[in-house]
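Me: Please take a close look at one part of this model. Then work outward from there, with cut-offs as you go.

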Amino acid sequence: MDSTPNNPTPSAERGLTRRAFGVGALGAGALGALTVAGCSNEGRGSAAVGDNSDAVFPSHIPYKGIEFDLPGEDGVSDAMLTYPEKPKKVTEGTPGDGKDFGVFALTNNPAPPAMDKNKYWQELNKRLGCTMKVTVVPTGDFADRFQTTLAGDKLPEIFTFFPGDVPSLPAMLSAKAADLTDLLSGDAVKKYPFLANISTETWQACVYGGKIFAIPIPRGGMQSIVMYTRKDFLADKGVEVTSDSLEDFTDACRELTGGKQWALGGAPTQFVREMFEIPNGWSEADGKLTSANEHERQEDALEAVRAMVKDGLLHPDAFTADGPKQKTWVINGTTPLLQGTLTAWADFQNYPLPDGFRLNVLQPPKADGGGTAPIWHGPTSQNITAISKKAEDRAEALLDVLNYFAAPFGSEEYTFKMFGIEGVDHELKGTDPVLTEKGRNETQLALRYVGQGPWVNFTPGAPEVTKDQHAAEAASIPNAVKNPTTGLYSETQSRKGKQIGSALGDIESDIIQGRKPVSAWAGAVKTWKKNGGDTMRDEYEKALSEAAEG
């Protein structure tokens, strides 16, 4: 669920949901939320990839041209309550080399109108000084379409993808993607100031064998999964969902269940694992890794979720409904609690909302009481964007285009990319650009997944929502637990992680839905370890050692 900063489109970014819950909860070792962290296992180490200890990442040069209403710190995103008046241009002339190019991009929205019927697309081509052809593919179909396009050698000049969807990713990039190292390493990135605005940590998703093969789409901590509560609805019901213990949380869920109402719109598997302080994917001590799949409290967490399902605290369609459907349940009060990424918050504003609708984020209580537990930190990048090796001679020009797409929040370029043409695609509410119905359709060229600057919390026309978002992020992200393998590469994870993860995820699903006993977990983990989990651990440990030496 990644709805981009100030994304006023009803998308909810199911790409993250698909990968997090559809691939198999624990396959990548990332558990419950589950392959979220698994999809961040890119970037370093292993014999097949080479040592990255000598890699020179792009210099991080933050953009200073805007003063935010609510500045972020300790990993918290900046936030803006009202949009800057009269946005200013931050580029000169047209980006690129004036030659046509194509883009293969993921999307979570319906395809936009064709170019000849799309004023936004036509205006974009004028600004680019060429024709940009875009193929947008829904995230649910993206992995298969990407592999088919890759196998047919039909990827265009620019292509986006989820790293976790590509087996043996470094080999694919070496064969199909332009080496951008000389253009982006260190201070070379200054030529592309809006790419330099992206944090060093986020670039880890793009470096393999010491070479830079892509640019990241940054999200900071906003892809971290949290437990949303319908604040106004609970107040009206006189129910307080507390962060005191698992027992108290479950009791509150019982109070919220009855008739045509259920407490939860989906299985709160990650939330419960956080209560039991199970690690985010892996735990590390003195360079040695242990998979969270093996944690001693896994069965306790599974039993707790299983009991919630058995007691009918989840919507009957919780295991089959998509993100938009689950959001409608929250909005109409059918299920006032729902797990989702922090990026999904602003997306609720694009639905018809009842008066007084307000969301809150519940911090996970320690299962046995005694305070709150930290959440798991999500991946810092949504996806990555590469330039085709066939277009390597145009790499500088195409990077200039990607730099243009990454123009900072509040600039004229950003405003056009996100909101289109004033009076056609958006109208002003005060100084805030609010998309029209036409704009919601025309602007869906997936450019926010092609090139984007750092995340900024902003909801047009709803500053109170932005304040709530900022407060929730500030309460969740600074102490969030990161996966220690983030930024590391495992060839076994790349080749087999999804397969063995799906098998483990199937057992998890069977357990929490009552089709298998909780005791089935231990055997399934042994199988996971035997079929690749232990090898992944060994490869990650080697990568950790190489990183430490570097």
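Where does S243 lie?

Reply: S243 lies in a loop, with α8 (231-237) on one side and α9 (246-255) on the other. Helices and strands here are DSSP runs numbered from the N terminus: H or I over at least four residues for a helix, E over at least two for a strand.

First, the ground rules. This is a predicted model, in which local features need pLDDT of at least 70, side-chain atom pairs count only at pLDDT 80 or more, and totals for chains, interfaces and linings use all residues. Residues are numbered from 1 along each chain as its sequence is written, while side-chain values use heavy atoms, with hydrogens and water left out.

Now the surroundings of S243. Contact means heavy atoms within 4.5 Å. With neighbours within four places in sequence set aside, S243 is in contact with L362, Q363, P365, G371 and T372. P364 also belongs in this picture: its C-alpha is 6.0 Å from that of S243, although 121 residues separate the two in sequence.

K89 gives another pairing across the sequence. K89 sits in the loop between β1 and β2. Outside its own four-place neighbourhood, K89 is in contact with E412 and E413. G410 is 321 residues away in sequence, and its C-alpha is 9.5 Å from that of K89.

Which side chain does K89 meet in a salt bridge? That partner is E413, at 3.6 Å from N to O. The bridge links distant parts of the chain: K89 is in the loop between β1 (78-79) and β2 (101-107), E413 is in helix α14 (residues 412-419), and 324 residues separate them. A salt bridge here is a side-chain nitrogen of Lys or Arg within 4 Å of a carboxyl oxygen of Asp or Glu. The structure holds 27 of them.

Is E413 buried or exposed? E413 counts as buried, at 2% relative accessibility. The classes are simple: buried is under 20% relative accessible area, exposed is over 50%, and partly exposed is in between (1.4 Å probe, protein chains only). The areas come from the Shrake-Rupley method with a 1.4 Å probe, and for residues only the protein chains shown count as cover.

Helix α18 holds another bridge. D534 and R537 both lie in this helix (residues 520-549), three residues apart, or about one turn. Their side chains meet at 3.2 Å, N to O. D534 is partly exposed at 24% relative accessibility. R537 is partly exposed too, at 22%. Elsewhere, salt bridges that share partners join K89, E123, R127, E412 and E413 into one network.

Y540 is found in α18 as well. Y540 is buried, at 0% relative accessibility. A386 is 154 residues from Y540 along the chain, and their C-alpha atoms are separated by 25 Å.

D187 and K190 form one more bridge, at 3.7 Å from N to O. D187 counts as partly exposed, at 47% relative accessibility.

Which residues gather in a patch of negative charge on the surface? They are D179, D182, E392 and D393. Patches are made of residues with over 30% relative accessible area and no salt bridge; like charges are joined within 9 Å, and nonpolar side chains (Val, Leu, Ile, Met, Phe, Trp, Tyr) within 5 Å. Lys and Arg count as positive and Asp and Glu as negative, with His and the chain ends not counted. Each charge is placed at NZ of Lys, CZ of Arg, CG of Asp or CD of Glu. Within the patch, D179 lies in the loop between α5 (169-176) and α6 (181-184). D179 is partly exposed, with a relative accessible area of 30%.

Two backbone angles deserve a look. S168 has a positive phi of about 45°, yet it is not a glycine. S168 lies in the loop between β4 (158-161) and α5. D286, also not a glycine, has a positive phi of about 55°. D286 is placed in the loop between β9 (282-285) and β10 (288-291), and D286 is exposed, at 81% relative accessibility.

One last loop residue is N109, between β2 and α3 (119-128). N109 counts as buried, at 8% relative accessibility. R440 is 331 residues from N109 in sequence, with 9.5 Å between their C-alpha atoms.
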